[in-house]
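Dear colleague,

I am passing on to you the structure we spoke about, so that you can open it alongside this message. Please look through it at your own pace, and then read the notes that follow.

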Amino acid sequence: AMRLATFNIENLDLPPKSGRTPAQRAGVLRPALERLDADIVCLQEVNGQHVPAAPERQLAALDQLLSGTRYAGYHRASTIAASGKGVSDVHNLVTLSRSPILSRREVRHELVPPAAIAEVTASPRAEAPVAATFERPLLITEHDLGSNRVLTVVNLHLRAPLAAAIPGQKRAAFEWRSIGGWAEGFYLSGIKRTGQALELRLLVDQMLARDPALLLAVAGDFNCEDYETPMKIAVGAAEDTGNADLAAGSLVVLDRGLDSDR
């Protein structure tokens with residue numbers, strides 16, 4: 001049997017950006033990771049750090065966290081900074097695997113272009129629509145399970161259900177000037193989250209069209225419940241499409257079969 005886990009470790013970083021020392025965070029996170037005893041772990045919100053003599057950011061905080069655990073020797077794939085070198089400063093996706101990782105790639109606006117949004121409450125009013133771009137890509141990895149078996153894993157982190165910034169509508173990070181401005185920010189956030197889910201669904205369709213017998217798992221932080229729009233789009237259940245012939249392309253929500261404490 002194989003155990004796959006997903007874990008949002010909430011802005012894993014080093015001081016001074018982090019309010020807690022690596023030892024303090026490791027004291028909580030290491031036992032939790034060890035209890036998972038997972039063959040594959042999809043991590044979200046792993047921040048990147050500058051380290052001496054390295055030209056680009058590294059996953060130094062993650063290295064410190066995993067030191068001395070079973071995961072320190074796991075194969076690793078992560079998202080890459082926009083520059084194409086190193087990792088981003090915040091919110092990297094990282095997939096750890098006991099099995100060799102055969103390939104990795106990222107998908108962001110490859111299948112779904114950014115929506116053009118006219119920000120009606122912006123101050124000053126925007127002269128042209130703005131692009132609702134996704135903050136994070138999908139991270140796709142292929143894992144060698146042996147005996148000619150390959151598992152494809154999609155690690156994701158959908159946009160959180162927090163209102164996106166609207167020019168001139170915020171007094172502080174979590175304080176808005178008007179209800180309308182907050183409402184439009186929340187609307188914009190929803191568009192991004194459902195757009196990411198649509199790109200996932202189209203990616204799944206694409207992969208299954210190439211290989212209907214593909215062994216596929218999608219894991220990560222969906223930032224929604226299983227009855228909400230992004231999850232419905234991702235799953236593509238036959239009861240929603242009204243076509244039982246499409247059921248082979250649907251995803252199965254594994255959470256529904258797990259005990260609540262897992």
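Please keep in mind throughout that this is a predicted model. A search of the whole structure for aromatic pairs finds 2 of them. In one pair, the ring centres of Y71 and Y74 lie 5.0 Å apart and the ring planes meet at 75°, so the pair is edge-to-face, given that planes over 60 degrees apart count that way. Y71 has a relative accessibility of 1% and therefore counts as buried, and Y74, with a relative accessible area of 11%, is buried as well.

The other pair, formed by W182 and F186, is stacked, with 5.5 Å from centre to centre and 25° between the planes. Because W182 and F186 are 4 residues apart in helix α3, which covers residues 179-210, about one helical turn separates them. Here the surroundings are described by another word, since W182, at 38% relative accessibility, counts as partly exposed, and F186, at 35%, also counts as partly exposed.

Y71 leads on to the interior. In soluble globular proteins, nonpolar side chains tend to be buried together. The largest nonpolar core in this model has 22 residues, and those that touch the most other members are L12, L43, V46, L62, L65, Y71 and L96. At least two residues of this core come from each of β1 (4-12), α1 (22-36), β2 (40-46), α2 (60-66) and β4 (92-97), and α2 gives the most, with 5 residues. If you would like one residue to follow by eye, you could take L65, which is in contact with I9, L12, A26, L29, R30 and L33 once its neighbours within four places in sequence are left aside. There is also a second, separate core, made up of 19 residues, among them I140, L156, L158 and A197.

Finally, where does A82 lie, and is it buried or exposed? A82 is found in the loop between β3 (75-78) and β4, and its relative accessibility of 83% means that it counts as exposed, because the cut-off for that word is over 50%. From A82 to A238 there are 156 residues in sequence, and their C-alpha atoms are 37 Å apart in space.

With best wishes

How values were computed. Residues numbered from 1 in each chain as written. Predicted model: local features only at pLDDT ≥ 70, side-chain atom pairs only at ≥ 80, totals over all residues. Heavy atoms only, no water. Core = buried A, V, L, I, M, F, W, Y, C linked by side-chain atoms within 4.5 Å. Buried < 20%, exposed > 50% of the residue type's maximum accessible area, 1.4 Å probe, protein only. Contact = heavy atoms within 4.5 Å. Phe/Tyr/Trp six-rings, centres within 6.5 Å; stacked < 30°, edge-to-face > 60°.
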